[in-house]
Amino acid sequence: MSQIVSGTSFPAIRGTQAKTEYYIVMCPLKRLNKIFTFDESQLPVDQRAQRIINEERIPDIANYILDNRENYVFSALTACISGVSEFVPIGESKHEQKIGTLLIDEDAELFITDGQHRNAAILEAIKADPSLADESISVVFFSNKTLEERQRIFKDLNLYPVKTDSSLSITYDDKPDAILSKTVVFRSEQFTKLVHMEKSNLGSRSKKLVSHSAINKATKYLLGTINQKNYESLIPIATEFWHEVLNNMPAWQLVCEDKASGGDLRDESIHAHAVTLHALGMLGAYLLKHDSQWQKTLKGLSKINWSRSNNAWRGRCVNNNAMTNNRKAAELTCIKIKEFLKVTLTNKEQSAEQAFKGAK
């Protein structure tokens with residue numbers, strides 16, 4: 001019979017790692033604020049096994065839950081029990097010994113070792129959508145761990161974090177802008193050869209010309225607001241625009257024909273870099289609105305000298321022969337492309353160009 005008179009209990013599965021027992025439970029989200037009541041992050045660093053919580057991260061994670069109410073996904077929280085706990089199996093057989101009830105004494109402290117931001121965000125999301133309260137998250141519990149052991153668990157769980165590449169994240173995303181950009185790529189044999197769908201930072205050996213994240217962001221510059229209601233109607237517009245750009249980029253066509261490498265083009269020119277894709281997206285946004293013969297205008301792209309050594313790009317997207325990739329660089333590059341194509345600059349662009357020349 002259990003020695004624990006009062007406390008909390010969970011249906012649990014018992015496992016072993018490195019000769020240490022651990023327990024996996026399904027915790028209703030509404031119970032999280034009741035079982036994790038101690039804010040360890042308020043202690044000095046040498047007395048806790050957790051980082052200080054970053055309040056700025058919580059709204060983003062909470063919004064992720066609320067914006068993806070039907071398909072959000074969270075990995076397990078990891079927690080440690082400091083105090084009395086007991087696992088009561090359902091029976092005597094080998095399998096029955098692994099399934100049972102985890103009992104935790106009411107005086108025990110429960111420390112979140114990994115997942116404090118997820119926990120805080122879940123509690124915030126429940127305030128906005130109380131229906132979340134009856135859903136659950138898995139929690140991995142370790143018991144009888146000293147502070148030093150809990151610190152090591154935190155360190156080990158965060159030892160090899162690998163953030164998903166932005167291009168792969170977009171490729172696997174189901175947001176309207178992601179669906180649009182990957183549709184443009186996957187429906188085109190040429191763009192399938194040009195665009196790397198998994199990596200954003202393409203090395204010199206990569207045969208691909210640009211990354212999916214670059215074409216995705218450039219397409220957002222091109223089209224503006226992309227949402228659930230309009231993305232399907234925007235697919236043919238984006239497809240036509242990017243193919244017209246491709247048709248007027250002889251070097252891109254060489255990559256499609258396996259006669260040139262994207263890595264070689266990146267070393268020599270600017271048009272195989274994200275900043276120029278973004279600039280072309282900005283250019284396209286203007287042409288689609290103000291130029292009924294924009295396809296004809298884009299023919300001028302084939303006559304532009306895209307070489308890094310061309311002084312036209314110096315200080316815009318090329319600095320000390322290295323590429324600069326930010327919005328300002330894209331805007332200044334777009335201005336120069338418009339000048340080459342004899343396209344009218346907006347008042348804002350004229351001011352930006354004057355400021356650029358004045359700073360030289």
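**Exercise 1. Work out which classes of residue line the largest pocket of this predicted model, and which helix supplies the largest share.**

Solution. Start with the classes: the lining has five nonpolar, nine polar and nine charged residues. Next, look towards the middle of the pocket. Among the 23 lining residues, Ile-61, Tyr-64, Val-73, Phe-74 and Arg-118 lie nearest the centre. Then turn to the helices: α2 (57–67) and α3 (116–128) each give at least two residues to the lining. The largest share, six residues, belongs to α2. Finally, the space in this pocket comes to about 780 Å³.

**Exercise 2. Trace the order of the strands in the open sheet and explain why β4 and β6 each have one side without a neighbour.**

Solution. Walk across the seven strands: the order is β4-β5-β1-β2-β7-β3-β6, with mixed pairing. β4 (85–89) and β6 (109–114) are at the edges with a single partner strand each, so one side of each has no neighbour in the sheet. From one strand to the next, the twist averages 35°.

Now zoom in on β3 (residues 77–82) and β7 (residues 136–143), a parallel pair with five bridges. Here Ile-81 has Ser-143 of β7 as its bridge partner. To finish, add the helices: α3 lies across β3, β6 and β7 at about 110° to β6, while α4 (residues 147–157) touches β3, β6 and β7 at about 25° to β6.

**Exercise 3. Describe how α9 and α12 cross, and which residues meet.**

Solution. First the geometry: the axes of α9 (residues 231–247) and α12 (residues 274–290) come within 11 Å and cross at roughly 120°. The crossing is right-handed. Then the contact: Ile-237, Phe-241, Trp-242 and Val-245 of α9 meet Leu-277, Leu-280, Gly-281, Gly-284 and Leu-288 of α12. By class, seven of these residues are nonpolar, two are polar and none is charged.

Methods. Residues are numbered from 1 along each chain as its sequence is written. This is a predicted model: local features need pLDDT of at least 70, side-chain atom pairs count only at pLDDT 80 or more; totals for chains, interfaces and linings use all residues. Side-chain values use heavy atoms; hydrogens and water are left out. On a 1 Å grid over the protein atoms alone, a cavity is a set of points where a 1.4 Å probe fits but cannot get out, and a pocket is an open set with protein on both sides within 12 Å along at least five of seven lines; lining residues have an atom within 4 Å of a point. Grid points are joined across faces, edges and corners, and a volume is the space filled by probe spheres set on the points. Helices (H or I, at least four residues) and strands (E, at least two) are DSSP runs, numbered from the N terminus. Ala, Val, Leu, Ile, Met, Phe, Trp, Tyr, Cys and Pro count as nonpolar, Asp, Glu, Lys and Arg as charged, and the others, Gly among them, as polar. Axes are lines fitted to C-alpha atoms, for helices over the stretch in contact, and angles run from 0 to 180 degrees between N-to-C directions. A crossing is left-handed if the near helix is turned anticlockwise from the far one by less than a right angle, and right-handed if clockwise. Contact means heavy atoms within 4.5 Å. Two strands pair if DSSP finds at least two bridges between them.
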